[in-house]
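Visitor: I am new to reading protein models, and I would like to go through this one slowly. Could we begin with what the words for burial mean?

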Amino acid sequence: MFWSQKRLLYEVSIRLFSATQQGFCVVNSRYGETGMKKLLLGTTAIIGALALSQGAKAQAGAPLTVTLGGAFQFNAGYVNEDVDQDRREYAGEYDASVLLGAEGKASENLVYGVKLQLLPDQNDDDAADEYYGYVSGTWGRVEAGAVDGAADRLTVFAPSDFGTGGFAGEYTDFITTTDTTGTEFFFNGINSIAGIDDLYKAFDSDDQLKVTYFSPRFAGFQVGASFAPDGSEDKDIGTANRNTRLSTSNIQGTTLAVSGFENFYEVGVNYVGEFSGVGVAASGSYVGASAKDPVTTAGQEYEDLAAYAAGLNLSYAGFTVGGGYVNNANSGYESNATFDDDGEGWNFGLQYATGPFIVGANALFAENEGDTATSGNSELSVYSVGTTFVVAPGFSTFVEANMFEYETDYITDSNDGSVVLVGAAMEF
Amino acid sequence: MSLFWIFSDCPILSETPMTALLRRCTALVSPAFALTALLLAGCAATEKGPTQAPPTEGERQRERIGTVSGNREGFILFGGERPNRTDGNDNTGIGVNAFLWKAALDTVRFMPLASADPFGGVIITDWYSPPESPRERLKLTVLIQDRQLRSDAVSVSVFRQVQTAAAGGWQDAAAAPETARRLEDTILTRARQLRVASAPAAE
């Protein structure tokens, strides 16, 4: 070795020794090059064990962490649509929630806790609330409570991190979705615009009360399974949670709402990995549930729920491209319906993230061939482009433009138009 | 097996040769074999510690734009460990493992620093001539590549120049590869000491 380098190593070892005064070995040629690294690993093992045994002693005061977070999002929208039914062209909306969490740590490998999402606005949709408890270990994670289940959360669909999310975003809050008689331009019930989630994720039990198991992620794969006994409510409403017979409020038009089903089981699998710098995310999910019994003994029966979804995203150097497919089959349709072909949806998207900017575009195409009694296509197309600028951690602004088009053969009205959304989001 | 789980909070140790191989092989897989590898479930992350749930829509937004509190769950009202004191990922805004970063700075601080970027984990020293050999000079580049305290997260490059006959001229010269390796070992040793020093005291 050259003299200067020897001198450098000597300097280093002096620094190290005087810096710690703990008598640990300093660089020592006795162990050779590879020997030294082995020694480092070996001694770290001992120290790791020491630290752990100390941690075990400290269990009496098991660390409990209570957190307070929150979210606020404001969207201003300008709407231009064919059928506005004398509505104003602009409007605003907000979403606000308070997030309370408590997590205890039984050991390095076992944590438990609760998460509560509180909505300050009493008029907010109850379904947006999430509250659940969980236990998580190396064997997996069990959640019980009102929160989205395995099929929903493992689903991969087109990139939607820009704006409010394009087709997965907020534009549906601003547009007219029904004709003057209250009939949806697209479908009723399942697959309706109100249930836009169900056009890019398999129709599922939303965040109704359920029990979910998620496996650990192994070799990139994570699987999950949920069971929800009833689609009606997510709170303690007593015997109503045990109804097996439909009530009229469970029926939207000619199809069932979520609340019209019971015994939901959801399974999902999701893969996240990387190959030569190309990120891969893929998913598959399936949801099954039984339609409840007719309102009266001789009443109208409905089809059981059987829906599936699959998706794939590829990302490289900030770019993400991907898409997904959803098939809700004839779930929830009147079982004697003449025309009840598959309700299905495709989605595609491309986005690019660089520094604080995310720009992207995505599109959703959904269709159902026929109403329960009338033949004819119903089609929905949504095209979105938008950008998000993360001003600072927890604060972003965005702008997004959406074009949508509903066409249906079975009612006279259709609707198409555009929505421009500008807004800001804060998370703390 | 149980031993493995016991030690699995210690990133250096918990990397078995197998997981190390798995991690490294991701870099070797060519796109042509990607699908095969996917089917074989070969090269992707395997989780350690308590299972993480896939995010809900709301949580996804928090991951996307971050939070004012800097914590995914929000402000810590009470309790909680001092931020990640056992793994060196504190919330100080350092982009790499804090133990490795401090250890690397400690190790090279007798040399003049040209630049030190705690976000990228790069330390570049200026040229340094040991007083005993003024005709040679050395320059170091230290790169810390991981938020975890692991043995392969630090790499050191050593550059050496010798003075030419012409006044003021310097010429690149070979540096013994052993030097870089030893410097890495030194940084790791120091990082380990820092970690031990910051571990919770026994009751």
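Guide: A residue counts as buried when its relative accessible area is under 20%, as exposed when that area is over 50%, and as partly exposed in between. Please keep in mind that this is a predicted model.

Visitor: Is A173(B) buried, partly exposed or exposed?

Guide: A173(B) is found in strand β6 of chain B, which covers residues 170–173. Its relative accessibility is 26%, and because the band between 20% and 50% has its own name, A173(B) counts as partly exposed.

Visitor: Which residues does A173(B) touch, leaving out those up to four places away in sequence?

Guide: The C-alpha atoms of A173(B) and R137(B) are separated by 9.8 Å, although these two residues are 36 residues apart along the chain. R137(B) is not the answer here, however, for once residues up to four places away in sequence are set aside, those that A173(B) touches are R160(B), Q161(B) and V162(B).

Visitor: In which order do the elements of chain B run from the N terminus on?

Guide: Chain B has seven helices and six strands. Read from the N terminus on, they are arranged as α-α-α-α-α-β-α-β-β-β-β-β-α.

Visitor: Which side chains of strand β3 in chain B are buried?

Guide: In a regular strand the side chains alternate between the two faces of the sheet. Strand β3 of chain B, residues 122–125, shows such an alternation, with V122(B) and I124(B) pointing to one face and not being buried. The side chains that point to the other face, and that are buried, belong to I123(B) and T125(B).

Visitor: Which residue of β4(B) stands opposite V122(B)?

Guide: β3(B) pairs in the antiparallel sense with strand β2 of chain B, residues 113–117, over four bridges, and in that pairing V122(B) is the bridge partner of D117(B). β3(B) also pairs in the antiparallel sense with strand β4 of chain B, residues 136–144, over three bridges. In β4(B), the residue opposite V122(B) is L143(B).

Visitor: Which residue in the turn between β2(B) and β3(B) has a positive phi?

Guide: β2(B) and β3(B) form a hairpin, and four residues lie between the two strands. The residue in this turn with a positive phi, of about 75 degrees, is G121(B).

Visitor: How wide an arc do the buried residues of α5(B) cover around the axis?

Guide: Helix α5 of chain B spans residues 57–65, and its buried residues are E59(B), Q61(B), R62(B) and I65(B). They lie on the same side of α5(B), because the arc that they cover around the axis is only 155 degrees.

Visitor: Which residue follows α5(B)?

Guide: The residue that comes after this helix has a positive phi, near 80 degrees, and it is G66(B).

Visitor: Turning to chain A, which element has the lowest confidence?

Guide: The mean pLDDT of chain A is 82, and 79% of its residues reach 70 or more. Confidence is highest in strand β11 of chain A, residues 278–291, at 96, whereas pLDDT stays under 50 over residues 18–61 of chain A. The element with the lowest confidence, at a mean of 43 over residues 32–57, is helix α2 of chain A.

Visitor: What percentage of the residues in chain A is buried?

Guide: The secondary structure of chain A comes to three helices and 18 strands. Of its 428 residues, the buried ones make up 49%.

Technical notes
Residues are numbered from 1 along each chain as its sequence is written. Chains are lettered from A and ligands numbered from 1 in the order in which they are written. Side-chain values use heavy atoms; hydrogens and water are left out. Buried means under 20% relative accessible area, exposed over 50%, partly exposed in between (1.4 Å probe, protein chains only). Two strands pair if DSSP finds at least two bridges between them. The arc is that of the directions from the helix axis to the C-beta atoms. pLDDT is the predictor's confidence in each residue, from 0 to 100. Contact means heavy atoms within 4.5 Å.
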